[in-house]
Amino acid sequence: QLQLAESGGNLVQPGGSLRLSCAASGFTLDYPAIGWLRQAPGKEREGVSCISLNDGSTYYADSVKGRFTISRDNAKNTVYLQMNSLKSEDTAVYYCAAVGKHYPCAVAMSGGYDMPYWGKGTLVTVSS
């Protein structure tokens, strides 16, 4: 069973930066991508970004494009989310999840399809 653990959440001022980490117990061929999703109070869950563990291809939601960067270190079984130019609307609990091979990452994250393994989340608060 795949285990995921997020870290790096914190309180940061608008315009600031944070780097989130998602440490996995291992990467498997059945789940060839890792996605970052977030959920703010009173809002629907949103797929933020995703990365293929095979070829490094990435996906970003329009809301974070140009500000967030996803990367991977396969040797460390870790995926990172570098978040720059943070805004108050980025405040949320951020989760990482393993994404299966049956759907494109963006589709999988939009509906939670083939994503049985999740971390417990890390809180990001953007406030002055």
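Four bridges join strand 1 to strand 3, and the two run antiparallel. In this pairing, Leu4 stands opposite Ala24 in strand 3. One thing to keep in mind as you look around: this is a predicted model.

**The four-stranded sheet**

Stepping back, strands 1 and 3 belong to an open sheet of four strands in the order 1-3-8-7, with antiparallel pairing. Strand 1 (4-7) and strand 7 stand at the edges with a single partner strand each, so one side of each is left without a neighbour in the sheet. From one strand to the next, the twist averages 15°.

At the other end of that order, strand 7 and strand 8 also run antiparallel, and six bridges join them. Here Ile70 stands opposite Leu81 in strand 8. The hairpin of strand 7 and strand 8 has four residues between the strands, and in this hairpin Asn77 takes a positive phi near 50°.

Here are the two strand pairs side by side:

| Strand pair | Bridges | Direction |
|---|---|---|
| Strand 1 and strand 3 | four bridges | antiparallel |
| Strand 7 and strand 8 | six bridges | antiparallel |

**The nonpolar cores**

Leu81 turns up again when we look at packing. Which residues of the largest nonpolar core touch the most other members? Of its 29 residues, they are Trp36, Leu81, Met83 and Tyr94. Several strands feed this core: strand 3 (18-24), strand 4 (33-39), strand 5 (46-52), strand 7 (68-73), strand 8 (78-83), strand 9 and strand 11 (122-126) each supply at least two residues. There is also a second, separate core of nine residues, among them Ala33, Leu37, Ala97 and Cys105. As general background, nonpolar side chains tend to be buried together in soluble globular proteins.

**Aromatic rings**

The structure holds three aromatic pairs. In one of them, the rings of Tyr95 and Trp118 have their centres 6.1 Å apart and their planes at 75°, so the pair is edge-to-face. Tyr95 lies in strand 9 (residues 92-99) and Trp118 in strand 10 (residues 117-118), so this pair ties together parts that are 23 residues apart in sequence.

Are these two rings' residues buried, exposed or partly exposed? Tyr95 is partly exposed, with a relative accessible area of 22%. Trp118 is partly exposed too, with a relative accessible area of 29%.

A charged residue completes the aromatic picture: Arg19 lies over the face of Tyr80, at 4.2 Å from the ring centre.

Terms used. Residues are numbered from 1 along each chain as its sequence is written. This is a predicted model: local features need pLDDT of at least 70, side-chain atom pairs count only at pLDDT 80 or more; totals for chains, interfaces and linings use all residues. Side-chain values use heavy atoms; hydrogens and water are left out. Rings of Phe, Tyr and Trp (its six-membered ring) pair if their centres lie within 6.5 Å; planes under 30 degrees apart count as stacked, over 60 as edge-to-face and the rest as tilted. Buried means under 20% relative accessible area, exposed over 50%, partly exposed in between (1.4 Å probe, protein chains only). A charge sits over a ring if NZ of Lys or CZ of Arg is within 6 Å of the ring centre and within 35 degrees of the ring normal. A nonpolar core is a set of buried Ala, Val, Leu, Ile, Met, Phe, Trp, Tyr and Cys residues joined through side-chain atoms within 4.5 Å. Two strands pair if DSSP finds at least two bridges between them. Axes are lines fitted to C-alpha atoms, for helices over the stretch in contact, and angles run from 0 to 180 degrees between N-to-C directions.
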